[in-house]
Amino acid sequence: MSNANIDLGDIHWLMDILQNIDVGLVVLDHNYNVQLWNGFMESHSGISPQKAKDQNLFELCPEIPGDWFKQKSEAVFQLKTRTFTIWEQRPYLFKFKNYRPITGRAANMYQNTSIIPLESVDKQVDHICIIVYDVTDVAMNRQDAENAGRSLSELSQTDHLTELNNRMIWEQDVKREFTRCRRSGTPSSIAILDVDNLRNINAGFGHNVGDQVLKVVAESLRQTTRQTDFLCRFGGDLFAVLLIDSDESSATEFAERMRHNIAQLEVATNNQPVQVTSSIGLAQINNRFDSHLRWMLAANKALLHAKQQGGNQTTLYHPKMSEF
Ligand SMILES: Nc1nc2c(ncn2[C@@H]2O[C@H](COP(=O)(O)OP(=O)(O)OP(=O)(O)O)[C@@H](O)[C@H]2O)c(=O)[nH]1
């Protein structure tokens, strides 16, 4: 259902779903004031949507560590991609009592949480949505049966479609590499790659073809990167590579090879095969970056430039691009 087709009736039942769905939904503006607080949040916190509306999240829920949460959310606002936290890293974001009869041993509800960007019609991200999943049963079962099957943590490290590591794991690698480069003075670089026009491919050939495009791009990247590099599906049509011991010039050479290999790919459809192009933003670590997030944002900035210049190209980050 496209936005243009939504009528008042649709909105009515959409609101019903939001209120009754068995996950927590909280929409925040950029000042971290609550704009939406659904029924799940009300029944577990005792705070009504009317009371929550326009309240600052950190005043409403003092248990949430402000600095940590803001750092995570800023990346969502700026990079426009989702981020998440699993209960193993942080048992909960919102401190809710656990009322489940079977898992009554847990004092508080264990939660997995996602933070997703909400794009307005002009493509700006002025709001984010927190999605809260109650995973108390999973957490309790896990503690009871440590040897049972693959752990949730393993599953949550891998992107199901491409089987690449997901962003959460990659970001930990970047953080570690940031510290290592700072200590050793050696340069490493980040490449963020965006598949061009995936929206049109989905619209023209169907979502399955779009999925296939992402899979073959992932495979091509896997084959192009060195064993020492770290590759992930960053989210949506974005991939990222951490290029160890690569300065600007070798990173550019690598990125152009990646782009060239992707341009050779063809994905079969019922009609003519689809060809794929990509845009790449590159940033070598530098002393002005005060954290690994700045480093990632620099590569993203370069990517935006590549896109603004028409896509299908590689752009190197330059401090003059920076506004931070
Ligand atoms: N098939 C498929 N599509 C996805 C997946 N994840 C994200 N997308 C789609 O990727 C598109 C990304 O949109 P945009 O960021 O506007 O990218 P684009 O169409 O590639 O446009 P440019 O980036 O400007 O070239 C959206 O239409 C998403 O629905 C996925 O797992 N499978």
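This passage describes two helices, the strands and a ligand shell of a predicted model.

Helix α12, which spans residues 292–308, has 17 residues and reaches 25 Å from its first C-alpha to its last, a value close to the 24 Å expected at 1.5 Å a residue. Of these 17 residues, 12 are buried, so α12 is largely enclosed by the rest of the structure. The buried set begins with His292 and Leu293, continues with Trp295, Met296, Leu297, Ala298, Ala299, Asn300, Lys301, Ala302 and Leu303, and is completed by Ala306. The elements against which these buried residues pack include both helices and strands, namely α5 (66–79) and α8 (167–184) together with β7 (189–195), β12 (278–284) and β13 (314–316). After the helix comes glycine 310, whose phi is positive, near 110 degrees.

Helix α5, one of the packing partners of α12, has 14 residues and reaches 20 Å from its first C-alpha to its last, close to the 20 Å expected at 1.5 Å a residue. Its buried residues are Phe69, Ala75, Val76 and Leu79. Seen down the axis of α5, these buried residues fall within an arc of 125 degrees, so they line one face of the helix. Such an arrangement can be read against the regular geometry of helices: an α-helix has 3.6 residues a turn, so residues three or four places apart point the same way. The face of α5 that is turned away from the buried side carries the exposed residues Gly66, Asp67 and Gln71. On the buried side, the residues of α5 pack against α12 and against the strands β3 (83–85), β4 (111–119) and β5 (125–134). Lysine 80 follows α5, and its phi is positive, near 60 degrees.

Strand β5, against which buried residues of α5 pack, also pairs with strand β1 in the antiparallel sense, over six bridges. Within this pairing, aspartate 29 has histidine 127 of β5 as its bridge partner. In a regular strand the side chains alternate between the two faces of the sheet. In β1 (residues 24–29), Gly24, Val26 and Leu28 make up a covered face, whereas Leu25, Val27 and Asp29 make up an uncovered one. Strand β1 is also joined by three bridges to the antiparallel strand β2 (residues 34–37), where tryptophan 37 stands opposite valine 26. Between the two strands of this hairpin there are four residues, and tyrosine 32 takes a positive phi near 65 degrees.

An open sheet is formed by six strands in the order β6-β8-β9-β7-β12-β13, with mixed pairing. Its edge strands are β6 (165–166) and β13, each of which pairs on one side only. Three strands of this sheet, β7, β12 and β13, are among the elements that the buried residues of α12 pack against. Elsewhere in the sheet, strand β8 (residues 230–235) and strand β9 (residues 238–243) run antiparallel and are joined by five bridges, and glycine 235 has leucine 238 of β9 as its bridge partner.

The ligand is surrounded by 17 residues, of which the closest are Asp196, Leu198, Arg199, Gly210 and Gly236. Strand β7, helix α9 (198–205) and helix α10 (207–224) each supply at least two residues of this shell. By residue class, the shell around the ligand divides into four nonpolar, seven polar and six charged residues.

Terms used: Residues are numbered from 1 along each chain as its sequence is written. This is a predicted model: local features need pLDDT of at least 70, side-chain atom pairs count only at pLDDT 80 or more; totals for chains, interfaces and linings use all residues. The expected span of a helix is 1.5 Å times one less than its number of residues. A residue is buried if 20 or more other C-beta atoms lie within 10 Å of its own, exposed if 12 or fewer, and partly exposed in between; C-beta atoms are placed from the backbone. Two residues are in contact if their C-beta atoms, placed from the backbone, lie within 7 Å. The arc is that of the directions from the helix axis to the C-beta atoms. A residue is near a molecule or strand if its C-beta atom, placed from the backbone, lies within 6 Å of it. Ala, Val, Leu, Ile, Met, Phe, Trp, Tyr, Cys and Pro count as nonpolar, Asp, Glu, Lys and Arg as charged, and the others, Gly among them, as polar. Two strands pair if DSSP finds at least two bridges between them.
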